[in-house]
Amino acid sequence: MKMQDTQRARDNNQDMLDTESGRQATESNGGADAEKKAAEDQLPWKEAVLPVLPLRGSVMFPMMMMPLAASRPASVAAIEAALASEDKTLIVATQLDPSVEEPEQQDLFEYATVSVIKKAERNNEGVSLIAQGVLRVRIEKLVRKDGYLQAHFAPAPVACEKTEEVEALRRNVVELATKIAEHLQGNAPAAVGQILTQVTDPLELAYLLASLMGLSVERDRELLAANSCEEVLRLLIDYLSYELKVRELQMEIASTAQSEMSREQREYMLRRQLEAIRRELGEDGSEQADLVELRRKFEEVELPENVAQEVEKELKRLERMSPNAADYQLTRTYIDLLLELPWNTVTPDNLDLEHARAVLDEDHFDLETVKDRIIEHLAVMKLNPEAKAPILCFVGPPGVGKTSLGKSIAKALGRKFERLALGGLHDEAELRGHRRTYIGAMPGRIIQAIRRCGTRNPVLMLDEIDKLGRDYRGDPAAALMEILDPEQNREFHDNYLDLPFDLSKVFFITTANSLDTIPAPLLDRMEVLTLSGYSSEEKEKIARRYLIPRQVAEAGLKPDQIDITDEALRYVIRGYTREAGVRNLERMIGRIVRKTAKRIVEGEPTPIRISPDDLPDILGPERFTPEKARQQLRPGVAAGLAWTPTGGDVLYVEAVDLGKGGKLTLTGHLGRVMKESARAALSYLISMAPQLGLEREHLENASVHIHVPAGAVPKDGPSAGVTMATALASLFAHAPARADTAMTGEITLSGLVLPVGGIKEKVLAAHRAGLKRVILPKGNEKDISELPEEVRQEMEFIFAERIEEVLAAAIPEMAQRKPPITLV
């Protein structure tokens with residue numbers, strides 16, 4: 001049974017008052033008792049089992065007629081079984097928990113009512129019927145058979161003796177019900193009064209009132225569980241007394257509200273009269289002066305036609321509204337927003353290419369790709385002022401200058417700049433705004449940013465777009481697809497503004513550490529520019545040009561008061577900061593400068609020179625040192641290169657031979673792709689064992705354990721294939737790999753080395769770690785041009801097309817034993 005069906009059943013009982021009252025009026029108490037007894041004698045409920053119809057949200061009482069509706073398959077089957085029987089009888093039982101779809105015995109109230117189906121009609125949703133309650137029973141046992149519930153039960157009639165106490169209780173019930181009926185509307189009071197005077201059977205009267213008064217299901221169950229007339233009537237008196245108090249309180253509240261409304265109307269009229277008097281005297285009130293100021297602003301500002309119409313409508317509405325009205329301040333705030341938004345205000349762009357290049361070079365080192373893209377856009381705007389603004393996405397590790405680059409772009413263009421942090425944003429309304437019907441509604445963050453800028457062509461930076469959240473309040477990424485789409489954002493719809501706003505002139509810049517978490521449709525709307533990490537030499541130049549002067553100025557020092565030597569700066573870069581960006585480097589420089597400021601304040605003569613020997617006292621012990629255990633690699637160990645959202649990293653792959661068993665064990669929190677690379681590497685070595693100078697039988701039967709340290713960090717990707725193969729080949733050949741060599745590349749079972757991504761980040765990671773040689777796939781040879789010149793000069797690059805070439809370059813002893821064979 002559905003809860004709405006049971007509610008409809010209660011309403012139908014109310015609608016049946018007029019017709020039922022006439023019928024009840026003609027029945028005497030004795031005739032009713034005789035009819036009930038005759039009906040009970042005719043029922044075959046003395047048989048063992050009857051179908052059960054679970055009822056949700058309502059209770060069926062004996063002697064009551066109730067319309068019901070069933071849609072659950074088990075309920076429909078129970079009704080069909082009852083209709084198929086000769087007497088059309090079933091048990092109607094109330095569910096304790098309406099949410100249970102397939103109730104068992106523990107889910108049903110133990111007392112139920114044997115009922116006779118008077119009328120049934122099948123429909124698309126199930127079965128609608130009218131049932132007559134006959135007798136209260138107690139369910140002894142419940143079984144599910146033939147697709148519906150069947151109950152073994154025992155009759156549980158209510159003891160009802162006509163004593164003076166029962167009659168007194170009945171009259172008390174009639175009195176309470178009459179008072180409650182006086183609060184009803186329409187013909188209901190008369191109908192209830194007629195029933196109260198003509199239904200003399202106390203039990204029938206109690207059950208009838210319980211059905212009509214709309215008591216809670218819990219109270220209805222308590223009435224059905226009562227075993228005597230006295231108990232039923234006393235419970236009903238308690239319930240009716242409570243209902244009468246509630247209805248009287250409702251009437252009192254309604255009367256008070258009406259009185260307050262009348263008082264407010266009177267105040268409104270007096271206020272209007274007072275305003276008229278003030279106008280006659282030439283005195284304007286503060287509210288009137290506020291409206292005059294709004295009207296003046298409206299006349300001065302240039303608005304699109306549709307916006308002007310909206311403001312005019314809201315102003316007229318505000319003029320008719322009382323300042324004490326709830327909507328007055330909301331409307332006032334909305335008008336302020338419409339008048340303050342820069343609908344037609346545009347900041348003129350500085351299209352001087354040389355100026356833009358100078359600004360970008362002044363604020364940032366290198367980043368030539370990004371700088372060229374900005375210069376290209378300025379050139380296009382110079383030729384075509386109506387060109388669409390680009391939507392750029394800066395992707396790179398933390399600390400490489402993504403956010404500061406956005407500020408420099410705004411400075412080069414001569415535009416206003418606003419930054420919006422999107423990290424952890426879950427609510428779509430933060431971007432689209434809230435509807436004004438909500439309490440505390442406000443515009444979305446995009447409209448608020450444009451309002452603060454005062455121009456409709458600012459540079460808006462959406463920071464950390466890869467860290468957007470998503471929950472039941474909506475998907476912010478879906479809202480960004482409209483905001484960042486040049487074909488759609490010409491008429492961006494903010495829920496609070498409720499008017500289209502043109503975002504096509506906004507220069508949007510987004511930042512991210514990784515593209516993996518950005519939805520593909522959103523990523524398709526942006527032009528991705530990658531900002532890789534910096535080499536040690538680049539960091540040294542950045543520190544000299546930007547970081548040291550900035551920290552010295554913030555500490556209140558003069559440039560000639562501190563001298564950080566080149567050796568000390570290199571020591572800080574390599575011994576205290578191992579990162580792709582320069583954020584930690586600036587923190588270390590800041591600590592050095594602050595320590596120096598303290599020494600100057602204490603009276604130490606200047607300039608103060610900072611050498612590598614001074615750094616342990618200032619910064620503490622060296623944080624990053626070369627791993628001494630990795631200076632000489634043992635057989636079975638090889639150095640690989642990995643890409644991470646914070647730059648590149650060096651990963652060592654370790655393999656050990658556990659003897660016979662033919663089992664491959666992989667540990668180190670490896671992903672599925674990385675595990676497959678290990679299996680492919682082992683399979684290739686087994687297949688090519690004779691050509692590589694290895695014993696095939698030993699490889700086939702050996703149990704190998706491969707581990708990648710830093711086991712708490714998840715690792716995955718295909719680029720570890722050559723490292724896995726090198727570690728295994730070194731293990732089985734009993735020959736160590738070169739300790740100064742790292743490698744990356746995907747492998748195939750046929751021995752090919754396939755190109756991979758993130759070459760710049762990986763090579764820079766090897767350079768930071770002090771490695772001198774890098775083995776790369778032949779297909780990645782073109783990516784070397786992206787590396788800094790000093791890195792290309794200091795490092796040796798070996799490009800391999802096959803695994804044999806990788807092994808020859810990485811394992812010198814193995815190459816001397818048997819030269820690699822190149823298969824065609």
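C229 is buried, at a relative accessible area of 1%, where buried denotes under 20% relative accessible area, exposed over 50%, and partly exposed in between, using a 1.4 Å probe and protein chains only. Its partner, C160, is partly exposed at 30%. Together C160 and C229 form a disulfide, with their sulfur atoms 1.9 Å apart; the criterion is a pair of cysteine sulfur atoms within 2.5 Å. The link between C160 and C229 is left-handed, with -100° about the S-S bond. It connects distant parts of the chain, 69 residues apart: C160 lies in the loop between β6 (148–155) and α5 (164–181), and C229 in helix α9 (residues 229–281). Searching the whole structure yields one disulfide. Two further cysteines deserve mention: C393 is buried at 0% relative accessibility, and C453 is buried at 6%.

I should state the basis of these values. This is a predicted model, in which local features need pLDDT of at least 70 and side-chain atom pairs count only at pLDDT 80 or more, while totals for chains, interfaces and linings use all residues. Residues are numbered from 1 along each chain as its sequence is written, and side-chain values use heavy atoms, with hydrogens and water left out.

Turning to the overall architecture, the protein chain has 31 helices and 24 strands; these are DSSP runs numbered from the N terminus, helices being H or I of at least four residues and strands E of at least two. Of its 824 residues, 49% are buried.

Next, the interior. The largest nonpolar core has 69 residues, of which I706, M724, L728, F732 and V763 touch the most other members. Helix α27 (residues 721–733) gives the most to this core, namely nine residues. A separate, second core of 51 residues includes V400, I409, F507 and V593. Such a core is a set of buried Ala, Val, Leu, Ile, Met, Phe, Trp, Tyr and Cys residues joined through side-chain atoms within 4.5 Å.

Finally, what is the nearest side chain of opposite charge to D783? It is K782, 4.4 Å away, and D783 is buried yet has no salt bridge. That term requires a side-chain nitrogen of Lys or Arg within 4 Å of a carboxyl oxygen of Asp or Glu; Lys and Arg count as positive and Asp and Glu as negative, with His and the chain ends not counted. D783 sits in the loop between β23 (773–777) and α29 (789–794).
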